[in-house]
Amino acid sequence: MTLGTTRTTTARLAGGARLVDALRVVSVAAAQLHSWAATTEGRRRTGMVLRSLDRAEWQVTRLVRLPGGGQADHLVIGPTGAYLLDSRAWGGVVTVDHKGATITPGGRPETAWTARGQHCSLAPAAAALGRTVSTTGRRSVAPRAVVVVWATFPERLAVAGGITYVAGDHLVEWLSDRSRHSDRQVALTGRHVLPSRCATSSDR
């Protein structure tokens, strides 16, 4: 191999590395845009259905700042308790197990991905929010961590990792009638699973 050939090969390798780096940047940006769109649309839909709650009985706060940073879409307080809501309008069929919510786009199992971000962060955030001191000087009750699913969600209601996953069109009914549903929700879903390891988890 001559010096000229070596330089050409090196240049090609460097160009290939730059192309891979550029593709990675594009991929990350696309994933972030997808996550932002799913969050924004989910929050909008949840806000719409929450309007049907009786405001004399329910208090709804939008974009709640959480201890330690970050925010949740809604904090809902009413006769059946307090609920910290994060909403997602995912594209695909949603199932829930010990890993969290798995989304399968277009019925293609090979493209399925798992959204572990809420699974690992929302429940601790709700607990931390409950530990904060209210304006009256008394500790507030920890809200229940809820992910509102705006997607095809055959289970409609599932529990995993300290989070309740509720189908968006079932949300208001579940909030209003939780005293009747709470004792049965495990039976409805057929599972009540423990949290998975969250150290290496990620959310799309």
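Strand 1 and strand 2 (residues 71-78) are a good place to start: six bridges join them, and they pair in the antiparallel sense. Strands here are DSSP runs of E with at least two residues, helices are runs of H or I with at least four, and both are numbered from the N terminus. Two strands count as paired if DSSP finds at least two bridges between them. Across this pairing, Val60 stands opposite Val76 in strand 2.

Before going on, note that this is a predicted model, where local features need pLDDT of at least 70 and side-chain atom pairs count only at pLDDT 80 or more, while totals for chains, interfaces and linings use all residues. Residues are numbered from 1 along each chain as its sequence is written, and side-chain values use heavy atoms, with hydrogens and water left out.

Now step back to the sheet. It is open, has six strands in the order 1-2-3-7-9-8, and its pairing is mixed. Strand 1 (59-65) and strand 8 (157-160) are the edges, each pairing on one side only. From one strand to the next, the twist averages 30 degrees; such angles run from 0 to 180 degrees between N-to-C directions, with axes being lines fitted to C-alpha atoms, for helices over the stretch in contact.

Over at strand 8, four bridges make the antiparallel join to strand 9, and Leu157 stands opposite Val166 in strand 9. The hairpin of these two strands has two residues between them, and Gly161 takes a positive phi near 60 degrees. In a regular strand, side chains alternate between the two faces of the sheet. In strand 8, Leu157 and Val159 point one way, Ala158 and Ala160 the other way, and all are buried. Buried means under 20% relative accessible area, exposed over 50%, and partly exposed in between (1.4 Å probe, protein chains only).

What lies across strand 1, strand 2, strand 3, strand 7, strand 8 and strand 9? That's helix 2 (residues 117-131), running at about 150 degrees to strand 3. Contact means heavy atoms within 4.5 Å.

Finally, look for the two aromatic pairs. Rings of Phe, Tyr and Trp (its six-membered ring) pair if their centres lie within 6.5 Å; planes under 30 degrees apart are stacked, over 60 edge-to-face, and the rest tilted. Tyr83 and Trp174 are edge-to-face, 5.4 Å centre to centre with 65 degrees between the planes. Tyr83 lies in strand 3 (residues 81-88) and Trp174 in helix 3 (residues 171-176), so this pair ties together parts 91 residues apart in sequence.
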